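Open the model in your viewer and keep the sequence panel beside it. The tour goes from the whole chain to single residues, one selection at a time.

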Amino acid sequence: YATKLKEGWFAITDTSAREGIGMSFTKEVFKSIYLWMPYGGWRGQVYCVAPEPWTGYPSWLPKSIEKGVYSTLGPGETLEADSVLTVFTGREEVSSIDARGNVF
């Protein structure tokens, strides 16, 4: 988990290929990023990575409650948040991604 986010975005860059993916999201809603990496295979893929903005951590609810790092919705409540996924090329480094998916 990445838990001390300064801003609401992340990027994963292949520096040798100068390409990558990134995402911007509402940091006040998604307070951490979970990085799922099933080394050794998943659905025919040998290596894969799935970064996901999360509202709390860790994924085991009793531990999240113990640490006080979870979110709840009451009956009939809704939650809306903005996010955008972007793919980029021609970059070895990313300094930010804005709410429209522009990469800097």
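Two residues are in contact, or touch, when heavy atoms of one lie within 4.5 Å of heavy atoms of the other. Keep in mind throughout that this is a predicted model.

**Stop 1: the whole chain**

Show the protein as a cartoon. You should find one helix and five strands, arranged along the sequence in the pattern β-β-β-β-α-β. Along the principal axes, the C-alpha atoms fill a box of roughly 45 × 35 × 25 Å. The protein has 104 residues, and 25% of them count as buried. Among contacts with a separation of 6 or more, 50% are between residues 24 or more positions apart.

Switch to a surface view. About 7,500 Å² is exposed, and carbon and sulfur atoms supply 51% of that area. If you colour by charge, there are 10 positive and 12 negative charges to find, and their mean positions are 5 Å apart.

**Stop 2: the helix**

Select residues 61-67, which form α1. Which residues of the helix form a salt bridge with each other? They are Glu66 and Lys63, whose closest N and O atoms are 3.4 Å apart. Both residues lie in helix α1, three residues apart, which is about one turn of the helix. Glu66 is exposed, at a relative accessible area of 60%, whereas Lys63 is partly exposed, at 32%.

Now select Ser64, also in helix α1. Is Ser64 buried or exposed? Its relative accessible area is 3%, so Ser64 is buried. Leaving out residues up to four places away in sequence, Ser64 touches Tyr57, Pro58, Val69 and Tyr70.

**Stop 3: the loop before the helix**

Two of those contact partners, Tyr57 and Pro58, deserve a selection of their own. The peptide bond that joins Tyr57 and Pro58 is cis, with omega at about -15°. Pro58 is in the loop between β4 (50-54) and α1. For background, most peptide bonds are trans.

**Stop 4: Arg18 and its partner**

Move to Arg18, in the loop between β1 (9-14) and β2. Phi of Arg18 is near 55°, a positive value in a residue other than glycine. In general, most residues other than glycine have a negative phi. Arg18 is partly exposed, with a relative accessible area of 35%.

Which residue forms a salt bridge with Arg18? Select Glu92: the closest N and O atoms of the pair are 3.3 Å apart. The bridge links distant parts of the chain, as Glu92 is in the segment after β5 (83-89) and Arg18 is 74 residues away in the loop between β1 and β2. Glu92 is partly exposed too, with a relative accessible area of 47%. The count for the protein comes to two salt bridges, and the other stop on this tour with one was the pair Glu66 and Lys63.

**Stop 5: the segment after β5**

Stay in the segment after β5 and select Gly90. Gly90 counts as partly exposed, at 41% relative accessibility. Now add Leu5, which is 85 residues from Gly90 along the chain; the C-alpha atoms of the two are separated by 26 Å.

**Stop 6: a nonpolar patch on the surface**

Return to the surface view and select Ile12, Ile21, Leu35, Met37, Tyr39, Val46, Tyr47, Val49, Leu85 and Val87. Together these residues make a nonpolar surface patch of about 1,000 Å².

Two members can be looked at singly. Ile21 has its place in strand β2 (residues 19-25). With a relative accessible area of 33%, Ile21 is partly exposed.

Tyr39 is in the loop between β3 (32-36) and β4. Tyr39 counts as exposed because its relative accessibility is 60%, and the cut-off for exposed is over 50%. Which residues does Tyr39 touch, not counting those up to four places away in sequence? The answer is Val46 and Tyr47, and both are also members of the patch. As a last selection, take Tyr39 and Val49: they are 10 residues apart along the chain, and their C-alpha atoms are separated by 8.7 Å.

Methods. Residues numbered from 1 in each chain as written. Predicted model: local features only at pLDDT ≥ 70, side-chain atom pairs only at ≥ 80, totals over all residues. Heavy atoms only, no water. Helix = DSSP H or I, 4+ residues; strand = E, 2+ residues; numbered from the N terminus. Buried < 20%, exposed > 50% of the residue type's maximum accessible area, 1.4 Å probe, protein only. Areas by Shrake-Rupley, 256 points an atom, 1.4 Å probe, with all protein chains shown as cover. Lys, Arg positive; Asp, Glu negative; His and termini not counted. Charge placed at Lys NZ, Arg CZ, Asp CG, Glu CD. Patch = residues over 30% accessible without salt bridge, like charges linked within 9 Å, V, L, I, M, F, W, Y side chains within 5 Å. Salt bridge = Lys/Arg side-chain N within 4 Å of Asp/Glu carboxyl O.
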